[in-house]
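Welcome! Please take a moment with the sequence and the 3D view below, and then we can walk through a few places together.

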Amino acid sequence: SVSLEPNFKEVGGGITKKVFKAKKSMKKDDVDAKSERSVQFGSILGDGIDIEMRADTATVAKDIVIQNVDALKVLEKKDGMYEIPFILKVSDGSELVVDGEVVTDRVVSSSRVEIKNGDDTVYIYSPRVTDSTGAGIGIDIEYKKVEGGYKMTKRLPKSWLESAQYPVRTDAVLGYYADASDGYISYYSST
């Protein structure tokens with residue numbers, strides 16, 4: 001099994017209580033009108049930084065939605081990057097594979113990642129950050145082995161965020177198929 005959770009110890013203060021309240025008080029109105037497979041938790045990582053979760057038959061996506069440039073002040077800044085940490089919990093015996101190499105300590109990558117346990121594989125698709133106009137770039141994630149899994153830190157370029165049109169979204173898409181792209185599906189017709 002694999003789970004992806006924000007690292008509340010490192011993002012904002014008092015967040016754990018907000019998460020409990022959001023889960024406890026979630027109502028039907030909180031579910032996206034287009035799909036009952038989507039839910040958004042407003043300001044869960046700090047004022048103006050939401051988490052939106054979407055699911056379909058092949059993927060589960062956890063998007064961070066930054067509502068405005070002022071919301072960035074709650075994020076840690078390091079080497080020209082804003083950082084958003086998560087804890088990636090995995091089953092005993094699981095291995096994180098990046099660019100064909102098993103992660104035993106720490107690695108930074110913008111590639112698709114595999115979580116392998118025996119014959120089972122779960123994929124974390126290549127991460128991106130996209131603004132409200134659809135403009136986006138690939139980003140790096142730092143993976144560091146910790147007890148019970150990996151600390152996964154998204155690294156968002158400060159320079160790109162300063163010129164982006166808000167809201168800005170960055171995804172963490174988990175899936176069972178190697179070629180499921182980033183979890184977004186488009187339909188084109190020739191008629």
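Strands here are DSSP runs of E with at least two residues, numbered from the N terminus. V98 lies in one of them, strand β7 (residues 95–98). Before going on, note that this is a predicted model, where local features need pLDDT of at least 70, side-chain atom pairs count only at pLDDT 80 or more, and totals for chains, interfaces and linings use all residues. Residues are numbered from 1 along each chain as its sequence is written, and side-chain values use heavy atoms, with hydrogens and water left out.

Is V98 buried or exposed? With a relative accessible area of 5%, V98 is buried (buried means under 20%, exposed over 50% and partly exposed in between, using a 1.4 Å probe and protein chains only). Not counting residues up to four places away in sequence, V98 touches V103, V107, S109, V113 and Y143, where contact means heavy atoms within 4.5 Å. S111 is 13 residues from V98 in sequence, and their C-alpha atoms are 7.2 Å apart.

Y143 also appears in the largest nonpolar core, a group of 35 residues, as one of those that touch the most other members, together with I64, I66, L96, L156 and L161. Strand β6 (residues 81–90) gives the most to this core, with five residues. A nonpolar core is a set of buried Ala, Val, Leu, Ile, Met, Phe, Trp, Tyr and Cys residues joined through side-chain atoms within 4.5 Å.

Now to strand β4 (residues 59–66), which is largely enclosed by the rest of the structure because seven of its eight residues are buried. Two strands pair if DSSP finds at least two bridges between them. Here are the pairings of β4:

| Strands | Sense | Bridges | Partners of I66 |
|---|---|---|---|
| β3 (residues 49–55) and β4 | antiparallel | seven bridges | I49 |
| β4 and β16 (residues 168–170) | antiparallel | three bridges | V168 |

β3 and β4 form a hairpin, with three residues between them.

D50 belongs to β3, and I64 is among its contacts. Which side chain of opposite charge is nearest to D50? That is R169, 7.6 Å away, and D50 is buried yet has no salt bridge (a side-chain nitrogen of Lys or Arg within 4 Å of a carboxyl oxygen of Asp or Glu). The side chains of D50 and Q40 do share a polar contact of 3.1 Å.

Definitions and conventions. Helix = DSSP H or I, 4+ residues; strand = E, 2+ residues; numbered from the N terminus. Lys, Arg positive; Asp, Glu negative; His and termini not counted. Polar contact = N/O pair within 3.5 Å; in protein donor to acceptor, adjacent residues only side chain to side chain.
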